[in-house]
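Please open the model in your viewer and keep a selection panel at hand. The stops below go from one helix pair to the next and end at the surface.

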Amino acid sequence: MLENIFTLLMLVMLQAVLGFDNLLYISLESKKAPIAEQKRVRKVGILVAIALRIGLLFLLVSIIDYFQEPFSFLTGGIENVAEFAFNGHSIIVLIGGGFIIYTAIKEIWHMIGTSDLENSEMVDQKSKKTANGAIVSIVIMNLVFSFDSILAAIGLTSEIQNPTTAFIIMAIAIVASGLLMLFLADRVSTFLAKNRMYEVLGLFILFIVGIMLVTEGGHLAHIKLFGNEIVPMSKTTFYFVIAILVIVDIVQGRYQKKLLLESKK
């Protein structure tokens, strides 16, 4: 019993840590919906994603071997130039990582290519996503983000003898982490709205998340380029890079304020 409780606590912590980048994406994506609908978009998107995560958990438990086995028609390449062996897991991770990189680059390009961000936002209202469109994007990316965390959860509960108990523990951890995201989503969005200079930091964090997913997907697909296998970015490296980005952003912000104060003298 105590072992199961400890496993549950470990899973909740794992889901919470891995859900940070997901929460950041939700906050940025919800901004594309009409202003009056943004709060509802975040709430509905997360709730739907929680339900689908449970369904994804049940699916992966049932057919996990199929997702890990390479597809015969996606295996091959040219020796010493490019080799690959794609499976279901690698394809999902690669597509998700590529989409996140595309989203981050597009938003960064919009920031640096627009001379008047305030007026630009007013003009862009017509081209923004509908609330349902934003919800669909949040749900899809939530599932992509949760794929690895669910597989990690399956690994952590592999020693539990009773499959039903293991499934219940994983489901509780998913619901708990989802409710935590639901609690924090509005607060993160409000913080970014009041401190817009951190949007750039958030987008670069998403960009690095995309790179991490692409390298992980390339590793899962056993991709070799000119005889060199793609190595996934370790979680330690990821968090170290994020910490450096945050420190640089804080130092640069304070230095900029100091320069502004000196220029006013």
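**A tour of helix crossings**

Begin with helices α2 and α7, whose crossing is right-handed; bear in mind throughout that the model is a predicted one. To bring this pair up, select residues 20–30 for α2 and residues 163–194 for α7, and you will find that their axes come within 9 Å and cross at roughly 55°. Because that angle falls neither under 35 degrees nor within 65 to 115, α2 counts as oblique to α7. Now show side chains at the contact, which on the α2 side is made by Asn22, Leu23, Leu24, Ile26, Ser27, Leu28 and Ser30, and on the α7 side by Met181, Leu184, Ala185, Val188, Ser189 and Leu192.

Keep α2 selected and add residues 198–220, which are helix α8; here the two helices pack at an angle of about 130°, with their axes 10 Å apart. This arrangement, too, makes α2 oblique to α8, but the crossing of these two helices is left-handed. The residues to pick out at this contact are Phe20, Asp21, Leu24, Tyr25 and Leu28 from α2, together with Gly202, Leu203, Ile205, Leu206 and Val209 from α8. Leu24 and Leu28 deserve a label of their own, since they are listed in the contact with α7 and also in the contact with α8.

Next, hold α8 in view and select residues 88–113, helix α4, whose axis comes within 7 Å of that of α8 and crosses it at roughly 155°. Since an angle over 145 degrees counts as roughly antiparallel, α4 is described as roughly antiparallel to α8, and α4 passes α8 in a left-handed crossing.

For the last stop, which residues form a nonpolar patch on the surface? Select Phe240, Ile244, Ile247, Val248 and Val251, which together have about 470 Å² of accessible area. To place the patch against the secondary structure, colour residues 235–264 as helix α9, where Ile247 is found.

Methods: Residues are numbered from 1 along each chain as its sequence is written. This is a predicted model: local features need pLDDT of at least 70, side-chain atom pairs count only at pLDDT 80 or more; totals for chains, interfaces and linings use all residues. Side-chain values use heavy atoms; hydrogens and water are left out. Patches are made of residues with over 30% relative accessible area and no salt bridge: like charges are joined within 9 Å, nonpolar side chains (Val, Leu, Ile, Met, Phe, Trp, Tyr) within 5 Å. Accessible areas come from the Shrake-Rupley method with a 1.4 Å probe; for residues, only the protein chains shown count as cover. A salt bridge is a side-chain nitrogen of Lys or Arg within 4 Å of a carboxyl oxygen of Asp or Glu. Helices (H or I, at least four residues) and strands (E, at least two) are DSSP runs, numbered from the N terminus. Axes are lines fitted to C-alpha atoms, for helices over the stretch in contact, and angles run from 0 to 180 degrees between N-to-C directions. A crossing is left-handed if the near helix is turned anticlockwise from the far one by less than a right angle, and right-handed if clockwise. Contact means heavy atoms within 4.5 Å.
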